[in-house]
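Please open the model in your viewer and keep the selection panel at hand. The stops below follow one another, each with something to select and something to look for.

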Amino acid sequence: MQVNSTSSAPSPGLTFSVVSINLFNFIEPPHAFYDFENIYSDKQWQKKCAWLSDFINQNQPDIIAFQEVFSPDALAKLTQSLGYEHFVALDLPEVVSDYVYRSPVVAIASKYPIIDSVNVTPDKQWVSQLGLAESFNFSRKPLRATIQLPIFGPCDCYVIHLKSKRSGVSRDDINDSGLHGGADFVARQVLGRWASSLQRGSESALLCHQMLMRRQQSQQPFMLMGDFNDTMGSELLAAFNHQLRVYRSDIEDPGLAKLGETSLMAELHQSSLFDSYELFIAATKCNATLAQDEFESSALLDEQPHPARQPTHYYGNSGSVLDYILVSSEFNPTQQQNLAHVIDYQTFDRHLVRPDYDRDRDSTDHAPVMMSFRVRN
């Protein structure tokens, strides 16, 4: 569904903020997620919506990327009541039977006009080239929404929820593994988790290809936000972390081949993604160095190193960063064609590390992440 209001947008400004949040089974009763027993009571649903409303009201992001949405109509209504006049969710969850649903979708809400939106699909030629089944598709369809930001201009905002690490093979797929008991369980877990890894890695590579196709066509800045279900250092997400290893012998394009080293890297970085958290940390260190050089605050460099990145999800006692906001080169001040710079990055994990049962019980199992950027003067 898409909701776009015709009323005027908020006053133009130079600073914007973006949030990504996995809503953890956002489904309005009497509907159920995955199993007929998974139905929120009216009180639980009200508390879940209240928690989300409180978070949005307190932080006032300009753009919100949502994952695990089973009830897009209810989410559109909630965000509109909070001042987000523009909302898009183009896919629908799958109905298992009657009121039971699976395969939640992604969505986006914005204070500024959404001028275009599509579900991203993989290129069939590359699906075949990678040796994948002809029927291959994203486990949850990525959403691309182009948002018209004042002064900054149009920005392509991608919302994703990549395949989880849970087994990607069920008994419906393979009824008889040839094993039984403990051996059967272990084999199914090993093979099923690898199937999920293959799916997630393929999703990231094929999505990267589609993003580059769009980039070449539109030349617009872009952001990629959502639940990646893996850490950015994972080889399965190599398509997004772009640690480029450039060998001149691999360059076939004549125009690219004749470029000097600096010009070549600048050109390649125009098609790269950057972790907004890392850009914020780099800017913080740079500001501290400048302050030291100008004798404004010699104490800045004597402070403890920046604390370790906060996890956005916990499995038992182990925490991982699974939720990211990645940006194009226009947000990186070290790049030649930058338009903005990241001025803040926050991970909201209070409900995970210091939960209040009454307040947080029906919130989410992920920590929302928020990035703020300022348009270059």
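Begin by selecting K43, which in this predicted model is exposed, with a relative accessible area of 60%, a value that counts as exposed because the cut-off is over 50%. K43 belongs to helix 1, which covers residues 42-59. Add D362 to the selection and draw a line between the two C-alpha atoms: although K43 and D362 are 319 residues apart along the chain, their C-alpha atoms are separated by 9.8 Å.

Stay with helix 1 and go on to the largest cavity, one of 2 cavities of 30 Å³ or more that the structure holds. The volume of the largest cavity is about 40 Å³, and to see its wall you can select I21, L23, F26, K48, W51, L52, S363 and T364, which line it. Strand 2 and helix 1 are the elements that give two or more residues to this lining. If you colour the lining of the largest cavity by class, you will find 5 nonpolar, 2 polar and 1 charged residues.

Next, turn to the backbone and to three places where its geometry deserves a closer look. Most residues other than glycine have a negative phi, and most peptide bonds are trans. Select P29 and P30 together, since the peptide bond from P29 to P30 is cis, with omega near 15°; P30 is found in the loop between strand 2 and strand 3, the latter being residues 32-33. Then select E68, a residue of strand 4 (residues 63-69), whose phi is positive at about 60° although E68 is not a glycine. Is E68 buried or exposed? With a relative accessibility of 12%, E68 counts as buried, because that class takes in values under 20%. Finally select S103, in the loop between strand 7 (100-102) and strand 8 (105-110), where phi is again positive in a residue other than glycine, near 55°. S103 has a relative accessibility of 30% and counts as partly exposed.

Now select the strands of the open sheet, which has 6 strands in the order 9-10-11-12-16-13, with mixed pairing. Strand 9 (114-119) and strand 13 (274-275) stand at the edges, each with a single partner strand, so one side of each has no neighbour in the sheet. Strands of a sheet pair through backbone hydrogen bonds, either parallel or antiparallel. Within this sheet, show strand 11 (residues 153-161) beside strand 12 (residues 222-227), and you will see a pair that runs in the parallel sense over 6 bridges. To follow the register by eye, pick out Y158, which stands opposite L224 in strand 12, and then H161, which stands opposite D227 in the same strand 12. How many of the residues of strand 12 are buried? Strand 12 is mostly covered, with 6 of its 6 residues buried.

Keep the sheet in view and add helix 4 (residues 181-218), which lies across strand 9, strand 10 (143-149), strand 11 and strand 12, and which runs at about 170° to strand 11.

Helix 4 also leads to the pockets. Display the largest pocket, whose volume is about 1,800 Å³, and select R140, K163, S164, K165 and R166, which of its 39 lining residues lie nearest its centre. The elements that give two or more residues to this lining are strand 2 (15-26), strand 6 (94-97), helix 4, strand 14 (313-315) and strand 15 (318-320), and helix 4 contributes the largest share, 5 residues. By class, the lining of the largest pocket has 9 nonpolar, 18 polar and 12 charged residues.

For the last stop, display the second largest pocket, with a volume of about 840 Å³. Of the 23 residues that line it, L212, L256, E267, L268 and S271 are the closest to its centre, and helix 4 and helix 7 (261-269) are the elements that give two or more residues to the lining. Which element gives the largest share of the lining of the second largest pocket? That share, 5 residues, comes from helix 4. Coloured by class, the lining of the second largest pocket divides into 9 nonpolar, 8 polar and 6 charged residues.

Notes. Residues numbered from 1 in each chain as written. Predicted model: local features only at pLDDT ≥ 70, side-chain atom pairs only at ≥ 80, totals over all residues. Heavy atoms only, no water. Helix = DSSP H or I, 4+ residues; strand = E, 2+ residues; numbered from the N terminus. Buried < 20%, exposed > 50% of the residue type's maximum accessible area, 1.4 Å probe, protein only. Pairing = 2+ DSSP bridges. Contact = heavy atoms within 4.5 Å. Axes fitted to C-alpha atoms, helices over the stretch in contact; angles between N-to-C directions. 1 Å grid on protein atoms, 1.4 Å probe; cavity = no way out; pocket = protein on both sides within 12 Å on 5 of 7 lines; lining within 4 Å. Points joined across faces, edges and corners; volume = space filled by probe spheres on them. Nonpolar A, V, L, I, M, F, W, Y, C, P; charged D, E, K, R; others polar.
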